[in-house]
Amino acid sequence: QVQLVESGGGLVQPGGSLRLSCAASGFSLSFYVMTWYRQPPGKERELVAAIPTAGGSTTYADSVKGRFTISRDNAKNTVYLQMNSLKPEDTAVYYCSARRVGVRTIDYWGQGTQVTVSS
């Protein structure tokens, strides 16, 4: 069964850190571009960070540059999002997605994990 399962969310004070994990099962994420998205309360889903199949050049939303780091461990079939210097505006449900572009595009999504930044 194909699954992406996020974990590591929770409640954290402003200025704190969290590390989100996204574990894949039923497929190898080595062949997939991995992306973290988030959806703040009452807002649209937005891209947070993306990493290509072999690592290397990453992409970040301007709002998280310098604070968040995306990484992948293909051997563990897992992608991470290290979030530092968290702000209340980072509060959202965070989702990971896997995309493989080929003859047909394949997309997988996780169920999301809640991150709340509040004092």
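A residue counts as buried under 20% relative accessible area, as exposed over 50%, and as partly exposed in between. These cut-offs are applied here to a predicted model. By them S85, with a relative accessibility of 42%, is partly exposed because that value falls between the two limits. S85 lies in the loop that links strand 8 to strand 9, and its backbone has a positive phi of about 50° although the residue is not a glycine.

A second residue invites the same kind of description. N77 occupies the loop between strand 7 and strand 8. N77 is not a glycine, yet its phi is positive, at about 55°. Its relative accessibility is 14%, and N77 therefore counts as buried.

The strands that flank these loops also contribute to the interior. The largest nonpolar core contains 30 residues, and M34, W36, L81, M83 and Y94 are those with the most contacts inside it. At least two residues of this core come from each of strand 3 (18-25), strand 4 (33-39), strand 5 (46-51), strand 7 (68-73), strand 8 (78-83), strand 9 (92-100) and strand 11 (113-117).

M34 illustrates how such a residue is surrounded. Leaving aside neighbours within four places in sequence, M34 is in contact with L4, C22, L29, R72 and V79, among others. The list of its contacts also includes A49, A50 and I51, as well as I70, S97 and A98.

The pairing of strand 4 may be followed next. Strand 4 pairs with strand 9 in the antiparallel sense, over 7 bridges; within this pairing, V33 has R99 of strand 9 as its bridge partner. Strand 4 also pairs with strand 5, again in the antiparallel sense, here over 5 bridges. In that pairing W36 stands opposite A49 of strand 5. What connects strand 4 and strand 5? The two strands form a hairpin with 6 residues between them, and G42 in the turn has a positive phi of about 75°. In a regular strand, side chains alternate between the two faces of the sheet.

The path ends beyond the last of the strands discussed here. S119 is placed in the segment after strand 11. Its relative accessible area is 83%, so S119 is exposed. S119 and L11 are 108 residues apart in sequence, while their C-alpha atoms are 9.1 Å apart in space.

Definitions and conventions
Residues are numbered from 1 along each chain as its sequence is written. This is a predicted model: local features need pLDDT of at least 70, side-chain atom pairs count only at pLDDT 80 or more; totals for chains, interfaces and linings use all residues. Side-chain values use heavy atoms; hydrogens and water are left out. A nonpolar core is a set of buried Ala, Val, Leu, Ile, Met, Phe, Trp, Tyr and Cys residues joined through side-chain atoms within 4.5 Å. Buried means under 20% relative accessible area, exposed over 50%, partly exposed in between (1.4 Å probe, protein chains only). Helices (H or I, at least four residues) and strands (E, at least two) are DSSP runs, numbered from the N terminus. Contact means heavy atoms within 4.5 Å. Two strands pair if DSSP finds at least two bridges between them.
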